[in-house]
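Trainee: I would like to learn how to read a structural model feature by feature. Could we go through one together?

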Amino acid sequence: MPELLHRTSLENQKQNLLGEVSYLKLKLADMEGKQGHGAERQHKAEGLVKELRILKDKVEHLEDQKLQYERQLTATKVKWVLIIIIIIVVSRGFNIPSLPTFRYIISMYFQKVLIYFYTHPYRLRRTQSAGLQAVDPDLSQFRRGGLRSTAGPRLTRTPESYDSSRDMNVPFSQWTKEQVCGWLEDYGLGQYVNLTRQWVENGQTLLSATPQDFEKEMGMKNPLHRKKLQLALKAFPTKVIEKSSQLDYIWVTRWLDDIGLPQYKDHFHEARVDGRMIQYLTVNDLLTLKVTSQLHHLSIKCAIHVLHANKFNPNCLRRRPGEEKQPSPSEVVQWSNHRVMEWLRAVDLAEFAPNLRGSGVHGGLIILEPRFSSETLALLLNIPPQKTLLRRHLATAFSTLVGHQATQEKREYGNATGHVPLTTTAKVKPKKLGFTQFSHLRKRKPDECADYICPIDSGAVTLNGVSRLPSTALRGCSPASDRQAAKRELVGIVAQANSPKL
């Protein structure tokens, strides 16, 4: 048993290290994709010039090797031509002098040919198209024009094109074209810079544009890219810096690791989902990101609520065990997926802990979701139903973990009429408007119609020291509550229609 615990602990450490390596690789790729400014850009440019000089020397060395190879090849060709001539002459029986004399004629001619090719080699003329000789190594500042314009996209932005006035003190509408393009590149949307430079006159062009304009003029086909740009442009006039806006899309990939959903990192990274977008994600947005599992929707919903409760603190999730002997629900709600696996090892269920990888189980889901019970956890851990003692042990440990009040709430929710148990195979379908909702569309604003996965102003309540979402905020992932809410809404509308008019 100690060997098994030690092995599982090593496996967990290995997975943690792999997650760290994956995160660092993404961070490194993002940092390489961004361009530095000021002294950093100058240093990189000087380093690039040095690398180009080294490459130039290597090219010259390769050309010299090529010339030597061509000389050897030419000599070989001459040698074989002479051999063929000798063979032809001998085979046709021509009258030739004695063999030693003939050999001496041939050898002298062969030597003259070799001497000619070695003393008069054919050398390629190197043009000045690359402009490397024009670069002064003593110059302390890299200037545009020293390299040809086809050097690459990393040299398209220079220190002269970056203006330090690109901050919150200058209205976005007054930003120049280069400032807007530089901001797009820093914001993770650099693939649209070329078309943007042809279309945008200043910042006001983007502020007054519609999503259709983004798709037509900038070639922005990805709807999540358009949403990311809209949210950023909407925040500029307010001049209020949200805490979530400080979390970039590289951090989001690390966050997916923490909540146990690393399989979606590529989709989120491609869509450039950052901290600001997280709080405005809808059900259809998650479906666009290939998140179709109902359980994973609930996992993301509860994880977003934990971020809201902690004011988008990037380090609010706990990945390692602390010194607490019996953690409270307010502490468990901040547990990451790795911390939950450590808890399983602490309650003698270490052999089942690796099954939680990619499950989306974290402390927020365990505490906040009323349908998540010990039976759901047993299904995710792949504990067979016939192992009743193991399941009973898990149920006891689970009740101790979530607390008496949460256990009672989950039991009452499970015994309610029309309750649908939470399964691991249920899928989420795209939201569609019912006939009862069309009458209210004209009265609503576009923002109010958005079905956010976790509404910002959801009126959260505090229960047992844990900030919880009310039942209305849990719509979209609970079929039973959705049906009951729709039925109550329909009954109210019918009653209002049948009431006598005054």
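Mentor: We will take the chain as a whole and then a few of its features in turn. This is a predicted model, in which local features need pLDDT of at least 70 and side-chain atom pairs count only at pLDDT 80 or more, while totals for chains, interfaces and linings use all residues. Residues are numbered from 1 along each chain as its sequence is written, and side-chain values use heavy atoms, with hydrogens and water left out.

Trainee: How many helices and strands are there in the protein chain?

Mentor: Helices (H or I, at least four residues) and strands (E, at least two) are DSSP runs, numbered from the N terminus. The protein chain has 21 helices and two strands.

Trainee: What share of the residues in the protein chain is buried?

Mentor: Buried means under 20% relative accessible area, exposed over 50%, and partly exposed in between, with a 1.4 Å probe and protein chains only. By that rule, 37% of the 502 residues in the protein chain are buried. As for contacts (heavy atoms within 4.5 Å), those between residues 24 or more positions apart account for 69% of the contacts with a separation of 6 or more.

Trainee: Which residues in α15 are buried?

Mentor: Helix α15 covers residues 337-346, and eight of its 10 residues are buried. These are Asn 337, His 338, Arg 339, Val 340, Met 341, Trp 343, Leu 344 and Arg 345.

Trainee: What does the side chain of Asn 337 reach?

Mentor: A polar contact is a pair of N or O atoms within 3.5 Å; within protein, one must be able to donate a hydrogen and the other to accept it, and residues adjacent in sequence count only if both atoms are side-chain atoms. The side chain of Asn 337 reaches the backbone oxygen of Val 361 at 2.8 Å and the backbone oxygen of Leu 356 at 3.3 Å. Asn 337 counts as buried because its relative accessibility is 2%. Leaving aside neighbours within four places in sequence, Asn 337 is in contact with residues including Asp 257, Asp 258, Ile 259 and Gly 260, as well as Ser 359 and His 362.

Trainee: Which residues have a positive phi although they are not glycine?

Mentor: Most residues other than glycine have a negative phi. Lys 311, however, has a positive phi of about 55°, and Asp 348, just after α15, takes a positive phi of about 65°. Lys 311 is found in the loop between α13 (294-309) and α14 (329-332), and it counts as exposed because its relative accessibility is 67%. Asp 348 is in the loop between α15 and α16 (363-368), and with a relative accessible area of 49% Asp 348 is partly exposed.

Trainee: Which residues form a nonpolar patch on the surface?

Mentor: Patches are made of residues with over 30% relative accessible area and no salt bridge (a side-chain nitrogen of Lys or Arg within 4 Å of a carboxyl oxygen of Asp or Glu); like charges are joined within 9 Å, and nonpolar side chains (Val, Leu, Ile, Met, Phe, Trp, Tyr) within 5 Å. Here Trp 80, Ile 83 and Ile 87 form such a nonpolar patch, with about 310 Å² of accessible area together, where areas come from the Shrake-Rupley method with a 1.4 Å probe and, for residues, only the protein chains shown count as cover. Trp 80 is found in helix α2 (residues 39-92), and Trp 80 is exposed, with a relative accessible area of 52%.
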